[in-house]
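Here is a friendly walk through a model, to be read with the structure open beside you. Take it one region at a time, and turn the view as you go.

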Amino acid sequence: MQNVLRKPDEAFTQSDSLVNRDQISKFRREGWMKIDGLLGSEALVRVRGALKAAVEADSRFAGEKSYRDDPRFRQMYSNLRVPAAQSRDLNIGWDPRIAGIARDLLGVPHVQLFTEGPLVKPPAQAGSRMTRWHQDLPLQPFDRKDALTVWIAVEDVPLEQGPLAFLPGSHRVGPIGRRDMRFDEEADITTQLTPEDAELVGKPVCQALKAGDATIHSTLVLHSAGRNTTDRPRYAWAVTYMSADTLYTGASSGTVESGTLKINERFDPELYPIIV
Ligand SMILES: O=C(O)CCC(=O)C(=O)O
């Protein structure tokens, strides 16, 4: 594979891309986008099954080492990451259609599947909490910003259930650092930016999603999610892709098994498949 940082935009044609030039350009300016109906009914049935199985397997959910011991539990019941080898048949992160969108939005020659898995937010009665404003890159072991997450609503996610909210343009501010996700947000996030950085960002946006709709966000865009104020869990499935040129930095992320990767080398495609 050649080491090419950017794929020239002329390389895209309408026919081989599911996102058009305007969408690509808006994503690059704002750092996020919404895609309606990304998953159809068959894929939704598959992902609901995988989500249920992953949640059931999650030891934080029940038993002695209950999820209640995890200080973040009110923010997320289940934040499990399914190894790529186990998610092949599911064909969500492995779907070349979805990976192709990631490749085109990032403008890189190839993308690798980093992680995928359920993001289930507990209902109000379990003490649901806000997901604090944060960027993903400071929590990821990547040497560059060419990564994004596709966040798919597995059931309808109305505003009351806490779909993701985004601060458009905030990916251009650069990494603001790791944020301790155990805490609630104490202030308007823009007050924590310099005035010059605050000029780069828009007002927070948050939209309700129907089952199968997705939002896609850049690894550097600031995002959060509100409390789930309904009596039902919020069911989402998230897939993260990075450019296949990305080098592993060794930064602790909770997703890379120790000893499986070498610092300053690419991510092993046996573990992190190159989808397109
Ligand atoms: O689902 C959530 O509430 C947060 C998810 C998130 O921050 C992410 O996918 O990067």
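In helix α4 (96-106), the buried residues are I98, A99, I101, A102, R103, D104, L105 and L106. That makes eight of the 11 residues of α4, so the helix is largely enclosed by the rest of the structure. What do these buried residues pack against? Their partners are α1 (21-30), β2, β4, β7 and β9. Just after α4 comes G107, with a positive phi near 70 degrees. Please keep in mind that this is a predicted model.

**The nonpolar core**

Residue A102 of α4 leads us on to the largest nonpolar core, which has 62 residues. A102, V111, V150, I152, A236 and Y241 are the members that touch the most others. At least two core residues come from each of β1 (32-35), α2 (41-57), α4, β2, β4, β5 (164-166), β7 (214-218) and β9. Which element gives the largest share? That is β9, with seven residues. In soluble globular proteins, nonpolar side chains tend to be buried together.

V150 is a good place to zoom in. Apart from its neighbours within four places in sequence, V150 is in contact with I98 and A102, with A214 and I216, and with A238 and V239.

**Strands and sheets**

How many of the 11 residues of β2 are buried? The count is 11, and the strand is mostly covered. β2 runs antiparallel to β9, and 10 bridges join the two. One place to look for this pairing is K121, whose bridge partner in β9 is R234.

Elsewhere, four strands form an open sheet in the order β3-β8-β5-β6, with antiparallel pairing. β3 (131-134) and β6 (205-206) stand at its edges with a single partner strand each, so one side of each has no neighbour in the sheet. The β5 and β6 strands are paired over two bridges, in the antiparallel sense. Within that pair, A165 has C206 of β6 as its bridge partner. Strands of a sheet pair through backbone hydrogen bonds, either parallel or antiparallel.

Here are the two strand pairs side by side.

| Strand pair | Sense | Bridges |
|---|---|---|
| β2 and β9 | antiparallel | 10 bridges |
| β5 and β6 | antiparallel | two bridges |

**Around the ligand**

Which residues surround the ligand? They are L119, K121, T131, D136, T149, W151, H223, A225, A236 and A238. The elements giving two or more residues to this shell are β2 (111-121), β4 (147-153), β8 (223-225) and β9 (234-243). By type, the shell holds five nonpolar, three polar and two charged residues. Some names here are already familiar: K121 is the bridge partner of R234, A236 is one of the core residues with the most contacts to other members, and A238 is in contact with V150.

**The whole chain, and how far to trust it**

Stepping back, the protein has five helices and nine strands. From the N terminus, they follow the order α-β-α-α-α-β-β-β-β-α-β-β-β-β. Of the 276 residues, 41% are buried. Among contacts between residues at least 6 apart in sequence, 85% join residues at least 24 apart.

As for confidence, the average pLDDT is 87, and 86% of the residues score at least 70. Residues 62-74 have pLDDT below 50, and this stretch makes 18 contacts in the model beyond near neighbours in sequence.

Conventions:
Residues numbered from 1 in each chain as written. Predicted model: local features only at pLDDT ≥ 70, side-chain atom pairs only at ≥ 80, totals over all residues. Near = placed C-beta within 6 Å. Nonpolar A, V, L, I, M, F, W, Y, C, P; charged D, E, K, R; others polar. pLDDT = per-residue confidence, 0-100. Contact = placed C-beta atoms within 7 Å. Buried ≥ 20, exposed ≤ 12 C-beta atoms within 10 Å, placed from the backbone. Core = buried A, V, L, I, M, F, W, Y, C linked by C-beta atoms within 7 Å. Pairing = 2+ DSSP bridges.
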